[in-house]
Each structure stands twice: as C-alpha cells, then as structure tokens.
Amino acid sequence: MVRNTMKRYSTWLILLLGVGLTTSAATPNQRFYRVVTETNMAITGWSSAGDLTWTNAAIGSTYTIESATNLGTVVSSFWGAVESGPMTGLTMTIRVLLSDPPAPSPTNSMVLILGGAFLMGDSYNTLFGPVDFPAHSIQLEPFYMDTTEVTKEQWEYVVNWATNNGYSFGETAAGTDAGHPITTVSSCDCVKWCNARSEKEALPPVYFTDETRTNIYKEGEIDLSADCADWNSTGYRLPTEAEWEKAARGLLFQNYFPWPSPGPTNASIYVDESKANYAGAGTTNVASFPANAYGLFDMAGNVSEWCWDYWHLYEAPYAPTGPTNGTERVARGGAFNDSASTPSPLRCSAREVSGSPTYSDWTIGFRCVRTAH
C-alpha cells in the first residue's frame, strides 16, 4: 500500500496483481485501487477475497473506490469509480471485484456479466443535463447477455415456432438481411418473443399478463408492470437499463463509450467509424465491429436497443428494475443514423425516450438477457 495525500482528500492506493508484485508499468491482470474520502482515514485491512477495510470514517460523508489498470500516461492511468456510497460507520468494509471474467469467444451466444455494484450514469454531468444524471450506485445480480442484437434470422426462427404455439405478433418487424438486427419491433412484441424463445428452449418464461403470474404473456398489447415479471426466472427477458449499461461499459469505469474513452473532454476524439456503425444509411451485419471487453458487439450503434425500464429522470431510491410506473420505455446504445459530429447517443450512459410499449421504429431492435443463478 502506498499513501498518497491529496488536497482535501485522503487517498490510499492498493496494487492488486494476478502474480506477485511488479512495477507500475502495465502488465496483464494488473489492477490498482484507491479509496477517496472527504476526511483523513486509514486502511486497516485487505483480504484475499477483496474485502477492503478502513477506519476513521466520517459518518454521513461519502467514499469512492476507484480503479485503474495503469499508472502511466494521463489517459492510460485514468481512474474510474468502481463503487461509491455513504459512510455508515466508523469502520467500513467493502468488497471489490478482484478479477475479471475471461473474454468469451465471439461464437458464444451469451456471456456472463458478474454481479455487484457499479456507478450508473454520467459521472461528469457536463454535457447532457439531468437526462443521465446523477450518477448513482446500483447493485446487480449476475446475468447472461446475448453477444449480439437479435437478428432477422433469429427473430423469424422463433416466431415460426411461436405462432404455432399460441403466440401472436405485430406485422411491422423488419430487417435488411438475415444477419442484420431485427428492427421496427415494439417492446410488447419483444417481451412476447423472449417468452417464446424461453418456452422453445424449455426454460421458464419471465412475463405474465398480470401480477398473479398465472397466464404467460403470448398475445395482445399489454403494458406490463414490473410485478408481471418473474425476476427469479432463468428464461429470456429484456435487460434493465442498469444491466444494459453495466454490460456496455465492458469492465471499464466511467468510460464514455464501450471502449477506452476517459472523460468528457473532446469526447468525439474517441469515436471513429471503425468502432461502431453510426452516421450511416442503414444497419450492418451484427458483430461487424469490434466487441467490448465482455465480448459484446454493437453496444454502440447499429440499432438502439429496447430496455425493460419505464422512462423517468433519475431520482432516489434507485431500483435495479427501474421505475414502477410510466408511459414510455427506454432504448439504449444509439443507432446507425446518429450524427458523426454529435456521437453523444453512443455513450454508455445515454438514454433515449423511445415511446409506448406498442411503438416501433426502424432504428430500434433489442437483445436478450437471462438471470444467472
């Protein structure tokens, strides 16, 4: 441990390595941690499980645990917030993530996103007002996410089975080609499709027609509440906003885009047409651009993606499954027709009010997640 005193803050630096000690040059599996508080404090413990303990905490003030993978240049040594919250006792113990899951093969249909807390929203609050601010800590359970957006071919494959098994869908679904994302699908049809995909694969469905959860949602246009979903089910469902954003960040902290992009200053310099499908005339095959560190493709651009949550400005308390009521649903990730000069919709924290559960658009598609037990 190395103590580094900063103005108005006491900061402790921990070097965590996969193998022994090393210099501050970047090496595989290297991770630096520090704790920033508003008053002087002392770190007294660091366990093999990643439990970080400090004393002299000022009850009522706040702490932030930050992480970096390099202590080199200004960019490569960018410190991002891993966890933050209020001081609740004179001694604080917080568990931090010790290791990252390996990047999966692109051929895997889903990847595991580890549970835990992360800082959701725009930590800088400099450019986009209250839409994705204030940044706030959200605790998530582990989940699996599709590596790609649902393609036209995948959509039709499940729909062909579903329509012979009591399901009905709207007639607007479209896609440029088999490997392109499905578009012009409403969130109502997306959640029915998730149920059909679950049943087709002998998994328990997630969505029901009402809060009693006795009738599987298969037909009609119903604006489901959170109580209509079985959140413990291991079937397919839409991601929550929190799940989507954590996955999009790809093991990076406070990054603007799903690739290394620290801070809001000159944010556009971190975006070019080799990283995502934006500022274009239409969709591309999924996985045509590099994946993020989780192995997830098109978390920026190609098409925006439906999330489960109702649209609301962020306000405490922050529920992992989003607001309990509303009239419009949220989409994330930006789309192929976003401006090259203003790539703000491609940001990990960017939020789009996309309309009622029956609304569809040629720039919006989706991908699925599953609860991991």
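## A tour of the salt bridges, strands and cores

Start with the charged pairs: the structure holds 14 salt bridges, a salt bridge being a side-chain nitrogen of Lys or Arg within 4 Å of a carboxyl oxygen of Asp or Glu. Bear in mind that this is a predicted model, where local features need pLDDT of at least 70, side-chain atom pairs count only at pLDDT 80 or more, and totals for chains, interfaces and linings use all residues. Residues are numbered from 1 along each chain as its sequence is written, and side-chain values use heavy atoms, with hydrogens and water left out.

**The whole chain.** Show everything as a cartoon and you have 3 helices and 18 strands. Helices (H or I, at least four residues) and strands (E, at least two) are DSSP runs, numbered from the N terminus. Of the 373 residues, 51% count as buried; buried means under 20% relative accessible area, exposed over 50%, and partly exposed in between (1.4 Å probe, protein chains only).

**Select residues 241-249.** This is helix α3, and 9 of its 9 residues are buried. Charged residues are among them, including E241, K246 and R249. Now show the side chains of E245 and R249: they form a salt bridge, with the closest N and O atoms 2.9 Å apart. Why can these two be partners within one helix? They are 4 residues apart in α3, so about one helical turn separates them. Widen the selection to E241, R332 and R351, and you have the rest of a salt-bridge network that also links E245 and R249. Just past the helix, click on G250, whose phi is positive, near 55°.

**Select residues 187-200.** Here is helix α2, with K192 and D189 3 residues apart, so that about one helical turn lies between them. Their side chains meet in a salt bridge (3.1 Å, N to O), and both residues are buried.

**Select E305 and R367.** Another salt bridge joins these side chains, at 2.8 Å from N to O. This pair links distant parts of the chain: E305 sits in strand β14 (residues 304-310), while R367 is in the loop between β17 (364-365) and β18, 62 residues away. Both E305 and R367 are buried.

**Select W155, W193, Y207, L238 and F366.** These residues have the most contacts inside the largest nonpolar core, which has 32 residues. α1 (152-162), α2 and β14 each supply at least two residues of this core, and the largest share, 6 residues, comes from α2. A nonpolar core is a set of buried Ala, Val, Leu, Ile, Met, Phe, Trp, Tyr and Cys residues joined through side-chain atoms within 4.5 Å.

Center on L238 next. What does L238 touch, leaving aside residues up to four places away in sequence? Its contacts (heavy atoms within 4.5 Å) include C190, V191 and C194, along with W306, C307 and W308. A second, separate core of 20 residues includes I113, L140, L296 and M299.

**Select residues 143-146.** This is strand β12, which runs antiparallel to β9 (residues 110-113) and is joined to it by 4 bridges. Look for M110 opposite D146. β12 also runs antiparallel to β18 (residues 369-371), with 3 bridges between them, and there F143 stands opposite T371. Two strands pair if DSSP finds at least two bridges between them.
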